[in-house]
Amino acid sequence: MTEGTTSAAAEGADTLTRLEQEGDIAADYLEGLLDIADLDGDIDMDVEGDRASVSIISDTGSRDLQKLVGRDGEVLEALQELTRLAVHRETGDRSRLMLDIAGYRAKKRAELSELGAKAAAEAKSSGEAVRLKPMTPFERKVVHDAVKAAGLRSESEGEEPQRFVVVLPA
């Protein structure tokens, strides 16, 4: 092993350790929240790519967790930001942690990937740019990834909260 390879491996291990620590802090924060709200849920932690991922799931299929998702995921988004702030308070570092509750984000990701693929197909066949409705940063990222996988380019336009994706023809 060369010195550069050794330092890259050590850096990767440090990043993984930092992301696992973020997940642990987030899990503790969310367990406290579930206790306060008197809601049942299990917490699952993972590292996906370059960010910690924490999910709250229910074995009973309880609709109680839907309260933490809210209409169009608004409560979920707010809880994610509060959880990121809790991690920041403990570590001093900005967190890019992703929170999923009752599989909402996983389901949304599948729907958005399909939307991105359909928009890419439409842009390819029509030769015209396709403008989508305003989306959250998470939603736009998923659509951008799907458009890229289809071999086209996309960009975000507008100002929050009305920022939207435009799929560009080839």
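Which strand is the place of Ile43? Keep that in mind while you take in the whole chain.

**Stop 1: the whole protein**

Start with everything shown. This is a predicted model. The protein has 170 residues, and 33% of them count as buried. Colour by secondary structure. Four helices and six strands appear. Follow the chain along the sequence and the pattern reads α-β-β-α-β-α-β-α-β-β.

Now turn the model about its principal axes. The C-alpha trace spans about 55 × 50 × 30 Å. Switch on the surface. The accessible area comes to about 10,300 Å², with 50% of it belonging to carbon and sulfur atoms. Contacts are next. Take those between residues at least 6 apart in sequence: 56% of them join residues at least 24 apart.

**Stop 2: Ile43**

Select Ile43. Its place is in strand E1, which runs over 42–48. Is Ile43 buried, partly exposed or exposed? Ile43 counts as partly exposed because its relative accessibility is 23%, and the buried class ends under 20%.

Show what Ile43 touches. Leave aside neighbours within four places in sequence. The contacts are Ala27, Leu30, Glu31, Leu34, Val54, Ser55 and Ile56. Then add Ile101. Ile43 and Ile101 are 58 residues apart in sequence. Their C-alpha atoms are 9.3 Å apart in space.

**Stop 3: helix H3**

Select residues 104–126, which form helix H3. H3 has 23 residues. From first C-alpha to last it reaches 33 Å, close to the 33 Å expected at 1.5 Å a residue.

Which residues of H3 are buried? Highlight Arg105, Lys108, Leu112, Gly116, Ala119, Ala120 and Ala123. Now bring in the partners. The buried residues of H3 pack against H2, E3, E4, H4 and strand E6, residues 164–168.

Step past the end of the helix. H3 is followed by Gly127. The phi of Gly127 is positive, near 75°.

**Stop 4: the largest pocket**

Go to the largest pocket. About 630 Å³ of space lies there. Its lining has 27 residues. Select Arg51, Met98, Arg105, Arg109 and Phe138, which lie nearest its centre. Arg105 has come up before, as a buried residue of H3.

Which elements each supply at least two residues of this lining? Colour strand E1, strand E2 (51–57), helix H2 (74–91), strand E3 (98–101), helix H3 and helix H4 (137–149). Now colour the lining by class. It divides into eight nonpolar, five polar and 14 charged residues.

**Stop 5: the second largest pocket**

Move to the second largest pocket. The space here is about 220 Å³. Of the 13 residues that line this pocket, the closest to its centre are Asp72, Pro134, Met135, Thr136 and Glu139. H2, H3 and strand E4 (130–134) each supply at least two lining residues. By class, the lining has four nonpolar, two polar and seven charged residues.

**Stop 6: the cavity**

How many cavities of 30 Å³ or more does the structure hold? There is one. The largest cavity has a volume of about 60 Å³. Select its lining: Asp72, Gly73, Leu76, Glu77, Tyr104, Arg105, Lys108, Thr136, Phe138 and Glu139. H2, H3 and H4 are the elements that give two or more residues to this lining. H3 gives the most, with three residues. By class, there are three nonpolar, two polar and five charged residues.

Some of these names are from earlier stops. Arg105 and Phe138 are among those nearest the centre of the largest pocket. Asp72, Thr136 and Glu139 are among those closest to the centre of the second largest pocket.

**Stop 7: Ser154**

Finish in strand E5, residues 153–157, and select Ser154. Is Ser154 buried or exposed? Ser154 is buried, because its relative accessible area is 19% and the cut-off is under 20%.

Show its contacts, not counting residues up to four places away in sequence. Ser154 touches His144, Val147, Val165, Val166, Val167 and Leu168. His144 and Val147 fall within helix H4 (137–149).

Last, pick Arg96. Arg96 and Ser154 are 58 residues apart along the chain. Their C-alpha atoms are separated by 23 Å. Compare the pair from Stop 2: Ile43 and Ile101 are also 58 residues apart, with 9.3 Å between their C-alpha atoms.

Conventions: Residues numbered from 1 in each chain as written. Predicted model: local features only at pLDDT ≥ 70, side-chain atom pairs only at ≥ 80, totals over all residues. Heavy atoms only, no water. 1 Å grid on protein atoms, 1.4 Å probe; cavity = no way out; pocket = protein on both sides within 12 Å on 5 of 7 lines; lining within 4 Å. Points joined across faces, edges and corners; volume = space filled by probe spheres on them. Nonpolar A, V, L, I, M, F, W, Y, C, P; charged D, E, K, R; others polar. Buried < 20%, exposed > 50% of the residue type's maximum accessible area, 1.4 Å probe, protein only. Contact = heavy atoms within 4.5 Å. Areas by Shrake-Rupley, 256 points an atom, 1.4 Å probe, with all protein chains shown as cover. Expected span 1.5 Å × (residues − 1).
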